[in-house]
Amino acid sequence: MDGNLADGAAQHAADADPTSPDVPLDRMAQLPLGPRPCSIAAALDVLGERWSLLALREMAYGVHRFAKIAGFTGASRDILADRLRKLEDAGVVERRQYSEHPPRFEYHLTQSGRELFPVLLALRTWGDKWAVEAPALDLRHTCGHSVDVELRCGRCGDAVTRASLTPARPR
């Protein structure tokens, strides 16, 4: 949640402002009904499609050429070209020419794209637990242990949970 609240937030039915300190995340449900501005929705406008996320997975694995991305994802050439174009327009990937005759390009993650790696790991972790019988791959950290994604506060190090979050307007 990015902290942007619906325009009518001040008119909500609860007596306490849901954006004031120490108000639980549940208070967001008491805001006036209507589409709320949200960074999750904005991110999904860019990324929220199967072939886009699978193309990003492949680039994170080090696959950069169109034919290989198509082969490893199973996406049709037309659909993949469209998704890669949209990701490029959004600044998530960049094309790099590797051949002049004929012109050929590779696709690489930008800084924006590289910062999606924790999101991909979280989706993989969820999928391993809830969407497949058995994981197809075990990712191990340099310490030798399987990767276990945990969300922690960058300031205090405590676990981030739904109960530990408080909505607030951006400063």
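Here are five short exercises on the predicted model above, each with a worked solution.

**Exercise 1. Getting your bearings**

Find out how many helices and strands the chain has, and in what pattern they follow one another.

*Solution.*
Step 1: Count the elements. The secondary structure comes to six helices and two strands.
Step 2: Walk along the sequence. The pattern you meet is α-α-α-α-β-β-α-α.
Step 3: Look at burial. The chain has 171 residues, and 27% of them count as buried.
Step 4: Turn to the contacts with a separation of 6 or more. Residues 24 or more positions apart account for 46% of these.

**Exercise 2. Two helices that cross**

Decide whether helices α2 and α4 are roughly parallel or roughly perpendicular to each other, and describe which residues meet.

*Solution.*
Step 1: Locate the helices. Helix α2 covers residues 50–60, and helix α4 covers residues 77–89.
Step 2: Read the geometry. Their axes come within 9 Å and cross at roughly 75 degrees.
Step 3: Compare with the cut-off. Angles of 65 to 115 degrees count as roughly perpendicular, and α2 and α4 are therefore roughly perpendicular to each other.
Step 4: List the partners. From α2 come W51, S52, A55, L56 and M59, and they meet I79, L80, R83, L84 and L87 of α4.
Step 5: Sort them by class. The contact of α2 with α4 has eight nonpolar residues, one polar and one charged.

**Exercise 3. The largest pocket**

Describe the largest pocket: what is its volume, and which residues are closest to its centre?

*Solution.*
Step 1: Start with the volume, which is about 630 Å³.
Step 2: Look at the lining. It is made of 20 residues, and the closest to the pocket centre are L54, R57, L120, L123 and R124.
Step 3: Ask which elements contribute. Those giving two or more residues to the lining are α2 and α6 (117–130).
Step 4: Find the main contributor. Helix α6 gives the most, with seven residues.
Step 5: Sort the lining by class. It divides into 15 nonpolar residues, one polar and four charged.

**Exercise 4. Two residues of helix α6**

L120 and W126 both have their place in helix α6. Work out for each of them whether it is buried or exposed, and find a residue to pair it with in space.

*Solution.*
Step 1: Take L120. Its relative accessible area is 17%, and buried means under 20%, so L120 is buried.
Step 2: Find its contacts. Leaving aside neighbours within four places in sequence, L120 touches L53, L56, R57 and A60.
Step 3: Check one of these pairs. L120 and L53 are 67 residues apart in sequence, while their C-alpha atoms are 7.9 Å apart.
Step 4: Take W126. Its relative accessibility is 52%, and exposed means over 50%, so W126 counts as exposed.
Step 5: Find a pair for W126. V149 is 23 residues away from W126 in sequence and 9.6 Å away in space, C-alpha to C-alpha.

**Exercise 5. Two loops**

Say where P102 and T110 are found, and add a structural detail about each.

*Solution.*
Step 1: Place P102. This residue is in the loop between β1 (93–99) and β2.
Step 2: Inspect its peptide bond with H101. The bond joining H101 and P102 is cis, with omega about -5 degrees.
Step 3: Place T110. This residue is in the loop between β2 (104–109) and α5 (111–114).
Step 4: Judge its burial. With a relative accessible area of 15%, T110 is buried.
Step 5: List its contacts. Beyond its neighbours within four places in sequence, T110 is in contact with G91, V92, V93 and E94.

Technical notes. Residues numbered from 1 in each chain as written. Predicted model: local features only at pLDDT ≥ 70, side-chain atom pairs only at ≥ 80, totals over all residues. Heavy atoms only, no water. Axes fitted to C-alpha atoms, helices over the stretch in contact; angles between N-to-C directions. Helix = DSSP H or I, 4+ residues; strand = E, 2+ residues; numbered from the N terminus. Parallel < 35°, antiparallel > 145°, perpendicular 65-115°, else oblique. Contact = heavy atoms within 4.5 Å. Nonpolar A, V, L, I, M, F, W, Y, C, P; charged D, E, K, R; others polar. 1 Å grid on protein atoms, 1.4 Å probe; cavity = no way out; pocket = protein on both sides within 12 Å on 5 of 7 lines; lining within 4 Å. Points joined across faces, edges and corners; volume = space filled by probe spheres on them. Buried < 20%, exposed > 50% of the residue type's maximum accessible area, 1.4 Å probe, protein only.
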